[in-house]
Amino acid sequence: MSDSDVPSQVPVECPGCGEETAHEVLKPGGHATVQCTVCGHTHKVEVPEPTTVDVDVIVSQDGESYTATLEGDPDQIVEVGDEFIVETEQAIQQVRVTSIELDGDRRVEQSDVDHAATVWTRVVDNVSVNITVHPKDGRRDETRSLKVYVPGDFEFVVGRTQSFGDDEIEIEGVQVRDETADDYRHEKFDHDGDMVYAKDVKRVYARDTKTAAWSAW
């Protein structure tokens with residue numbers, strides 16, 4: 001066990017106090033030198049090596065999926081909506097849990113790491129967002145689709161005019177992803193000033209501020 005794996009404090013029985021107390025690790029090793037934080041007694045004790053388990057992680061990004069690994073304490077709880085960093089051959093990315101699979105293909109909302117067979121996630125540090133755009137004159141039967149790529153913490157604000165390349169649109173509504181609807185308390189926002197982060201967006205509805213109609217679509 002490396003020095004970096006040893007905790008700074010451990011709960012052990014103190015010969016001075018006669019009971020289990022928190023001890024500061026003064027010198028790590030096979031038998032660590034520890035000092036009681038209550039009475040100051042110094043003695044040696046065997047510090048157990050921390051146990052971790054690896055769980056398969058499926059990372060999804062813009063229609064593609066690849067695998068990674070989550071390392072954690074067996075009793076650590078992972079649940080839908082949690083975010084953490086994974087390192088893959090492609091990049092180091094922040095992901096959000098979308099589903100947890102136990103043995104037997106059973107899906108649950110949360111599990112301890114020891115019983116989780118696969119954790120399904122999607123990338124949230126950089127995301128693609130689908131936008132439904134209707135013409136400047138308001139005709140909703142002549143809409144077009146726009147996909148933009150933005151950081152996960154990009155703010156889509158209802159009533160705000162936003163430019164993406166050659167497109168300039170005014171945000172009129174934002175639909176929230178199912179797994180984050182509880183955090184926002186609503187599934188769709190359409191009042192001026194309402195804001196949803198890009199990583200939580202299912203779809204944006206907007207009005208083109210430049211073009212009245214599109215004969216080409």
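The legends below describe an overall view and several close-up views of one predicted protein model. Residues are numbered from 1 along each chain as its sequence is written, and side-chain values use heavy atoms, with hydrogens and water left out. Because the model is predicted, local features need pLDDT of at least 70 and side-chain atom pairs count only at pLDDT 80 or more, whereas totals for chains, interfaces and linings use all residues.

**View 1. Overall dimensions and secondary structure of the protein.** The protein comprises one helix and 20 strands, where helices (H or I, at least four residues) and strands (E, at least two) are DSSP runs numbered from the N terminus. Along the principal axes, its C-alpha atoms fill a box of roughly 85 × 40 × 30 Å. The radius of gyration is 26 Å, against a value near 17 Å for a compact globule of 217 residues; the radius is taken over C-alpha atoms, and the globule rule is 2.2 Å times the number of residues to the power 0.38. Buried residues account for 38% of the 217 residues, with buried meaning under 20% relative accessible area, exposed over 50% and partly exposed in between (1.4 Å probe, protein chains only). Of the contacts between residues at least 6 apart in sequence, 49% join residues at least 24 apart, a contact being heavy atoms within 4.5 Å.

**View 2. Aromatic pairs, with Phe154 and Phe164.** Rings of Phe, Tyr and Trp (its six-membered ring) pair if their centres lie within 6.5 Å, and planes under 30 degrees apart count as stacked, over 60 as edge-to-face and the rest as tilted. By this rule there are four aromatic pairs. The ring centres of Phe154 and Phe164 are 6.0 Å apart with their planes at 55°, so this pair is tilted. Phe154 is in the loop between β14 (144-151) and β15 (155-157), while Phe164 is ten residues away in strand β16 (residues 161-164). Phe164 is buried, at a relative accessible area of 15%, and together Phe154, Phe156 and Phe164 form one aromatic cluster.

**View 3. The rings of Tyr184 and Phe189, and the charge over Tyr205.** The centres of the Tyr184 and Phe189 rings lie 5.9 Å apart and their planes meet at 70°, so the pair is edge-to-face. Both partners are buried, Tyr184 at 16% relative accessibility and Phe189 at 11%. Lys188 lies over the face of Tyr205, at 4.4 Å from the ring centre; a charge sits over a ring if NZ of Lys or CZ of Arg is within 6 Å of the ring centre and within 35 degrees of the ring normal.

**View 4. Cysteines without disulfides.** The structure holds zero disulfides, a disulfide being a pair of cysteine sulfur atoms within 2.5 Å. For Cys36, the closest cysteine sulfur is that of Cys14, at 3.8 Å, which is too far for a bond. Cys39 is likewise in no disulfide, and its nearest cysteine sulfur, in Cys17, is 3.6 Å away. Cys36 is buried, with a relative accessible area of 3%, whereas Cys39 is partly exposed at 42%.

**View 5. The surroundings of Val45 in strand β4.** Val45 belongs to strand β4 (residues 42-45) and is buried, with a relative accessible area of 18%. Leaving aside neighbours within four places in sequence, Val45 is in contact with Val12, His31, Ala32 and Val34. Gly29 is 16 residues from Val45 in sequence, and their C-alpha atoms are 9.5 Å apart in space.
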